[in-house]
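Please consider the sequence and the three-dimensional structure shown below. The explanation then leads from the overall fold to individual residues.

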Amino acid sequence: MADKSDVAVHRIGGPSTMSPFKTVFLYSGVMLFFPVFMYFFSKAFIFDGLFDMKGSDSIFYAAMTAVVTVHIVLAMFLWAAFKETPQAPPIREVKRE
């Protein structure tokens, strides 16, 4: 009969399986909200306010700022994904009688 030390327990949602999901959700949220923020911030304060652009020029440059922001966040996500080291499953000893 096997006791608890002979049975490997695999938990779904453990720390090693949740780390990639946390990374994806974090960068998805940043990719959703940060470019929108940068669009409106750059349009209102930089291009309309500081450079005194009006109309389609400020909209165009603000959109380019948002696109560049998306690319920066995507590059940060790829860097974090490749930097992450995979967790090896624990090796358990097999008892032979």
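The paragraphs that follow treat the fold, the two annotated spans, the loop, the aromatic side chains and selected contacts.

The coordinates are those of a predicted model. The chain contains 2 helices and 0 strands. Of its 97 residues, 16% are buried. The exposed area of the chain comes to about 8,400 Å², and carbon and sulfur atoms supply 70% of that area. Contacts that are distant in sequence also deserve attention: among those between residues at least 6 apart in sequence, 64% join residues at least 24 apart.

The helices may be read alongside the database record. In an unreviewed UniProt entry, the annotation "transmembrane region" covers residues 24-47 and 59-82. In the model, residues 24-47 are 100% helix and 0% strand, and the C-alpha atoms at the two ends of this span are 32 Å apart. Residues 59-82 are likewise 100% helix and 0% strand, with 35 Å between their end C-alpha atoms. Helix α1 itself comprises residues 15-50, and helix α2 comprises residues 56-83.

The loop between α1 and α2 contains Asp52. The phi angle of Asp52 is near 55 degrees, which is a positive value in a residue other than glycine. Asp52 counts as exposed because its relative accessibility is 54%, above the 50% cut-off for that class. Asp52 also forms a salt bridge with Lys54, in which the closest N and O atoms are 4.0 Å apart. Both partners, Lys54 and Asp52, are exposed. The count of salt bridges comes to 2. Lys43 and Asp48 also form a salt bridge, with their closest N and O atoms 3.0 Å apart.

Asp48 leads to a buried position, since Asp48 is among the residues touched by Ser42. Ser42 lies in helix α1. Its relative accessible area is 1%, so Ser42 is buried; the cut-off for this class is under 20%. Beyond residues up to four places away in sequence, Ser42 touches Phe47, Asp48, Ala62 and Thr65.

The other side of the comparison is provided by Phe45, which is also found in helix α1. Phe45 is exposed because its relative accessible area is 56%. Phe45 belongs to a nonpolar surface patch of about 580 Å², made by Leu26, Val30, Phe34, Phe37, Phe41 and Phe45. Among these residues, Phe34, Phe37, Phe41 and Phe45 form one aromatic cluster.

How many aromatic pairs does the model contain? The count comes to 8 aromatic pairs. One of them joins Tyr39 and Phe40: the ring centres are 5.0 Å apart and the planes stand at 80 degrees, so the pair is edge-to-face. The reasoning rests on the cut-off of over 60 degrees for an edge-to-face arrangement. Phe40 is exposed, because its relative accessible area is 54%. Phe60 and Tyr61 also form an edge-to-face pair, with 5.3 Å from centre to centre and 70 degrees between the planes. Phe60 has 49% relative accessibility and therefore counts as partly exposed. Tyr61 is partly exposed as well, with a relative accessible area of 37%.

Tyr61 also helps to show how the parts of the chain are placed relative to each other. Tyr61 lies in helix α2. The C-alpha atoms of Tyr61 and Ser42 are separated by 8.3 Å, although these residues are 19 residues apart along the chain. Leaving aside residues up to four places away in sequence, Tyr61 touches Phe47 and Met53. Phe47 is also among the residues touched by Ser42.

Ile59 offers a further example from helix α2. With a relative accessible area of 40%, Ile59 is partly exposed. When residues up to four places away in sequence are not counted, Ile59 touches Tyr39 and Lys43. Tyr39 is the ring partner of Phe40 described above, and Lys43 is the salt-bridge partner of Asp48. The C-alpha atoms of Ile59 and Ala44 are separated by 9.7 Å, and these two residues are 15 residues apart along the chain.

Terms used: Residues are numbered from 1 along each chain as its sequence is written. Side-chain values use heavy atoms; hydrogens and water are left out. Helices (H or I, at least four residues) and strands (E, at least two) are DSSP runs, numbered from the N terminus. Buried means under 20% relative accessible area, exposed over 50%, partly exposed in between (1.4 Å probe, protein chains only). Contact means heavy atoms within 4.5 Å. Accessible areas come from the Shrake-Rupley method with a 1.4 Å probe; for residues, only the protein chains shown count as cover. UniProt positions are given in the numbering used here, feature names are shortened, and annotations may be inferred rather than shown by experiment. A salt bridge is a side-chain nitrogen of Lys or Arg within 4 Å of a carboxyl oxygen of Asp or Glu. Patches are made of residues with over 30% relative accessible area and no salt bridge: like charges are joined within 9 Å, nonpolar side chains (Val, Leu, Ile, Met, Phe, Trp, Tyr) within 5 Å. Rings of Phe, Tyr and Trp (its six-membered ring) pair if their centres lie within 6.5 Å; planes under 30 degrees apart count as stacked, over 60 as edge-to-face and the rest as tilted.
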